[in-house]
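User: I am new to this structure and would like to go through it step by step. Please keep the answers short.

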Amino acid sequence: MDNELMRIGVSLPESLLERFDSIISKRGYSSRSEGIRDAIRWYIRYYEWMSNIKGERFGTITLAYNHHQRGLVDQITEIEHEFIGTIQSTLHLHVDADNCFELVVIHGEGERIRELSEKLTALKGVKHVKLTTIVPEEK
Ligand code: NI
């Protein structure tokens, strides 16, 4: 059966679970499982959407991270230098004593943009990555 329910065990930081529970309760989910199923569907849709980014694109990547995470700032800098041709500009804001916000303006090939976004997302200590892209207007 395709839709047979499978049981999985997941370990999460307590603070993450508390935030998740608070959201699903506000949104009226009947159970945590229903909220998690919805979150996984959203994640899959997002990944499939990302996989379809092809051709010339303009866009932004926004990042939030804790700059105290060991090695993280160096890793971000390393990746951004690797994507010099794609990154047009970056804006960095120091949010508070621990947190940084970065806006990366991009222009380039969709596949390259996706690669950049995935590399940043995979870094330990990066709390948030949001990619948006637009197709340049046809002349
Ligand atoms: Ni900062």
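User: How many salt bridges are counted between domain 1 and domain 2?

Analyst: This is a predicted model. Its domain assignment gives domain 1 as 14–50 and domain 2 as 55–134. A salt bridge needs a side-chain nitrogen of Lys or Arg within 4 Å of a carboxyl oxygen of Asp or Glu. Between domain 1 and domain 2 the count is 0.

User: Which residues of domain 1 lose the most area to domain 2?

Analyst: The area buried between domain 1 and domain 2 is about 430 Å², with 56% of it from carbon and sulfur atoms. Three residues together make up 88% of what the domain 1 side buries: Tyr46, Trp49 and Met50.

User: How many residue pairs are in polar contact across the interface of domain 1 and domain 2?

Analyst: In contact are 4 residues of domain 1 and 4 residues of domain 2. For pairs with both residues at pLDDT 80 or more, the number in polar contact is 0.

User: How do the residues on the side of domain 1 that touches domain 2 divide into nonpolar, polar and charged?

Analyst: On that side of domain 1 no residue counts as polar and none as charged. The division therefore leaves Tyr, Trp and Met among the kinds that count as nonpolar. The nonpolar residues number 4.

User: Which residues coordinate the nickel ion?

Analyst: The donors follow the spacing H-x1-H-x5-C along the chain. They lie at 2.0 to 2.4 Å from the nickel ion, through NE2, ND1 and SG atoms respectively: His92, His94 and Cys100.

User: Is His94 buried or exposed?

Analyst: Exposed means over 50% relative accessible area. His92, at 31%, counts as partly exposed. Because His94 has 65% relative accessibility, His94 counts as exposed.

Notes: Residues numbered from 1 in each chain as written. Predicted model: local features only at pLDDT ≥ 70, side-chain atom pairs only at ≥ 80, totals over all residues. Heavy atoms only, no water. Domains from an automatic or database assignment. Contact = heavy atoms within 4.5 Å. Buried area = accessible area lost by both parts, 1.4 Å probe. Polar contact = N/O pair within 3.5 Å; in protein donor to acceptor, adjacent residues only side chain to side chain. Donors = N, O, S within 2.8 Å, 3.2 Å for Na, K, Ca; no water. Buried < 20%, exposed > 50% of the residue type's maximum accessible area, 1.4 Å probe, protein only.
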